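Colleague: I'd like to learn how you read a new model, feature by feature. Could you walk me through one?

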Amino acid sequence: MTKFQDPRAATIAQQIDSINTAGYESAYDPVLQNHVVQGGLSLVEGILRFDVFMGKVQQAARERESVWASQVEQNISGIEWYTVEYGGITAELPRLHEDLKFVPEDKQILMQSKPVALNFLAHWNQVFKVWRYNKDDCNRWSRTRWGNFYTQYLQREWLDLG
């Protein structure tokens, strides 16, 4: 079970999940999917079905945005807590829930957890392979040395050991 920083966040995460599920189910069109792969729809019917699909996807996006705006307006934290355990050592750390938005106080929570995450990693640095994520690099993930990781650690605001 997910432990949220703010108990109200559970309701919002559930709303977003429901919107995503309903949006997918209402937008799913097996006829369109089958005929796009195999051909057989006229150009007009294909365009009409695609327009209906896009309308449902856009409606779900508007509903999500509305829920997120309400979350931020009410200052409901998007932080969830997770536990990392290895070799009998446990660390409880925060991260932004995938279905929620950031509120200003969330950054402080993440920043305060940085030493806890580093201490956990430092204890096991002989066992773990340390990887670095770079969103600007086409490879995204690259293995790094502990010294390089620590240099990057000093420049970053928080860590996620997910």
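Colleague: How many bridges join strand β2 to β3, and do they run parallel or antiparallel?

Modeller: Happy to help, and keep in mind that this is a predicted model. For a strand pair, look at the bridges and the direction. Here β2 (residues 79–86) is joined to β3 by 8 bridges, and the two run antiparallel. To see the register, find I79, which stands opposite L96 in β3.

Colleague: In what order do the strands of that open sheet lie?

Modeller: Sheet order is read across the sheet, one partner after another. This open sheet has 3 strands in the order β1-β2-β3, with antiparallel pairing. Its edge strands are β1 (3–4) and β3 (89–96), each pairing on one side only. Helix α5 (residues 114–123) packs on the sheet and touches β2 and β3; the direction of α5 makes about 140 degrees with that of β3.

Colleague: What span should helix α3 have, and how far apart are its end C-alpha atoms?

Modeller: Compare the expected span with the end-to-end distance. With 31 residues (43–73) at 1.5 Å a residue, α3 should span 45 Å, and its end C-alpha atoms lie 44 Å apart, so the two agree.

Colleague: Which residues of α3 are buried?

Modeller: Buried here means under 20% relative accessible area. In α3 that applies to G46, A60, V67, W68 and Q71. Just after the helix, N75 takes a positive phi of about 55 degrees.

Colleague: And what share of the whole protein counts as buried?

Modeller: Of its 162 residues, 28% do. The protein has 6 helices and 5 strands, running β-α-α-α-β-β-α-α-β-β-α from the N terminus.

Methods
Residues numbered from 1 in each chain as written. Predicted model: local features only at pLDDT ≥ 70, side-chain atom pairs only at ≥ 80, totals over all residues. Heavy atoms only, no water. Helix = DSSP H or I, 4+ residues; strand = E, 2+ residues; numbered from the N terminus. Expected span 1.5 Å × (residues − 1). Buried < 20%, exposed > 50% of the residue type's maximum accessible area, 1.4 Å probe, protein only. Pairing = 2+ DSSP bridges. Contact = heavy atoms within 4.5 Å. Axes fitted to C-alpha atoms, helices over the stretch in contact; angles between N-to-C directions.
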